[in-house]
Amino acid sequence: MATKLPAKVARTLECRQGAVRAVRFNDDGNYCLTCGSDKSIKLWNPHKGTHIMTYAGHGYEVLDVAASCDNSQLASSGSDKMVILWDVSTAKMLRRFRGHVGRVNCIRFNEESTVIASGSIDNTVRLWDCRAKKYDPIQILDEAKDGIFTVKLSDHEILTGSVDGRVRRYDLRVGELLVDYIGSPVTCVCFTKDGQCVLSSALDSTLRLLDKDTGELLGEYTGHKSSEFKTDCCLTNSDAHVVSGSEDGTIYFWDLVDGKVVHKLSKAGKGVVHSLSYHPSLPCMLSAAENTVKVWREEDYQEE
């Protein structure tokens with residue numbers, strides 16, 4: 001393997017927050033966030049294994065969390081239909097955005113961290129202004145015919161995946177909506193680093209790489225199991241490999257170009273490995289399964 005891939009567990013975070021619903025690196029990869037079924041969010045230094053802060057205020061389990069680009073704020077969403085903006089250092093709630101009529105599955109900041117996008121089982125993506133006096137959404141994207149599982153943002157696009165089996169890309173520069181029909185509920189979407197392609201994961205146990213502009217299918221990645229539960233997919237920070245969790249407790253790596261499984265991490269969890277987060281620059285990855293998070297590093301990694 002020319003590029004180093006995460007191969008061993010460097011440490012395990014015992015999160016003590018019930019089932020860990022999501023784990024996310026911050027922008028620079030120095031910290032991570034976990035959200036749990038016990039209604040809490042926790043901030044960690046995963047490289048040292050230290051818990052830094054807990055954020056409590058959701059009324060039900062927290063399903064997703066994101067850090068702002070300057071690390072000063074967090075946004076979280078959950079089964080209580082709420083979107084909450086937090087101050088990182090004080091753990092105080094800055095804003096509670098109400099409007100969704102069902103659980104809010106996914107959340108992301110825009111590049112400047114001025115707008116939050118939240119996707120819900122109520123079939124909508126809502127955009128919230130972090131700085132406005134009003135707490136109403138600035139826009140509601142209601143084109144989906146079923147719940148939204150996943151949302152990602154680039155500097156000029158909003159990418160969504162829905163239970164209706166479609167990947168939608170809203171190009172904000174030209175005011176255009178592009179729809180790709182996958183056919184099976186889409187549980188995770190992401191952009192490649194070069195911004196040319198879109199990776200999607202669906203409940204037919206298949207990942208697909210699509211050309212962003214033409215919708216052409218460039219690659220399919222199979223071998224993992226994803227038929228009942230939402231599992232994250234991502235790309236390594238070099239775009240060389242596609243990564244996915246699986247319902248069999250394994251993490252799979254495929255070569256982006258030829259679509260072959262090149263690497264597996266077999267002891268990632270007893271149950272479903274449903275959440276992944278890849279470090280922006282190091283061969284380091286976080287995975288969540290049941291109530292723990294594992295920090296994976298390359299084979300020859302030595303702790304300093």
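**Group meeting: pockets, core and a few loop residues**

I start with N71, which sits in the loop that runs between β6 and β7 (73-78). Keep in mind that this is a predicted model. The phi angle of N71 is near 65°, a positive value in a residue that is not glycine. For background, most residues other than glycine have a negative phi. Is N71 buried, exposed or partly exposed? Its relative accessibility is 28%, so N71 counts as partly exposed.

There is another residue of this kind. S205 has a phi near 55°, again positive and again in a residue other than glycine. S205 belongs to the loop between β19 (197-202) and β20 (206-211). Because its relative accessible area is 16%, and buried means under 20%, S205 is buried.

Now S113. This serine is in the loop between β10 and β11 (115-120). Its relative accessibility is 10%, so S113 counts as buried. What does S113 touch, leaving aside neighbours within four places in sequence? The contacts are S68, C69 and C130. With C69 there is also a polar contact: a polar atom of the S113 side chain lies 2.7 Å from the backbone nitrogen of C69. As for a residue elsewhere in the chain, A240 is 127 residues from S113 in sequence, and their C-alpha atoms are 28 Å apart.

Next, T34, in strand β3. With a relative accessible area of 0%, T34 is buried, the cut-off being under 20%. The side chain of T34 makes a polar contact of 2.3 Å with the side chain of Q17. Beyond four places in sequence, T34 touches a list of residues that includes C15, V20, A22, V23, W44 and V293. I41 is also on that list, and I41 takes us to the core.

The largest nonpolar core has 15 residues. Those with the most contacts inside this core are L33, C35, I41, Y55, L74 and W86. Which elements give two or more residues to it? They are β3 (32-36), β4 (40-45), β6 (62-67) and β8 (83-87). The most comes from β6, with three residues. Take Y55 as one of the core residues: outside the four places either side in sequence, Y55 touches I41, L74 and W86. Its other contacts are K39, S40, L43, D87, V88 and A91.

That leaves the pockets. Rolling a probe the size of a water molecule over the atoms shows where empty space is left. The largest pocket holds about 1200 Å³ of space. It is lined by 45 residues, and the closest to its centre are D27, R108, K152, L153 and K193. The elements that give two or more residues to this lining are β2 (20-25), β6, β10 (104-109), β14 (148-153), β18 (186-191), β22 (233-235) and β26 (275-278). By class, the lining has 20 nonpolar, 13 polar and 12 charged residues.

The second largest pocket has a volume of about 470 Å³. Of its 18 lining residues, R21, L63, F229, K230 and H274 are the closest to the centre. Which element gives the largest share of this lining? It is β2, with three residues. The class count here is six nonpolar, four polar and eight charged residues.

Key: Residues numbered from 1 in each chain as written. Predicted model: local features only at pLDDT ≥ 70, side-chain atom pairs only at ≥ 80, totals over all residues. Heavy atoms only, no water. Core = buried A, V, L, I, M, F, W, Y, C linked by side-chain atoms within 4.5 Å. Buried < 20%, exposed > 50% of the residue type's maximum accessible area, 1.4 Å probe, protein only. Helix = DSSP H or I, 4+ residues; strand = E, 2+ residues; numbered from the N terminus. Contact = heavy atoms within 4.5 Å. 1 Å grid on protein atoms, 1.4 Å probe; cavity = no way out; pocket = protein on both sides within 12 Å on 5 of 7 lines; lining within 4 Å. Points joined across faces, edges and corners; volume = space filled by probe spheres on them. Nonpolar A, V, L, I, M, F, W, Y, C, P; charged D, E, K, R; others polar. Polar contact = N/O pair within 3.5 Å; in protein donor to acceptor, adjacent residues only side chain to side chain.
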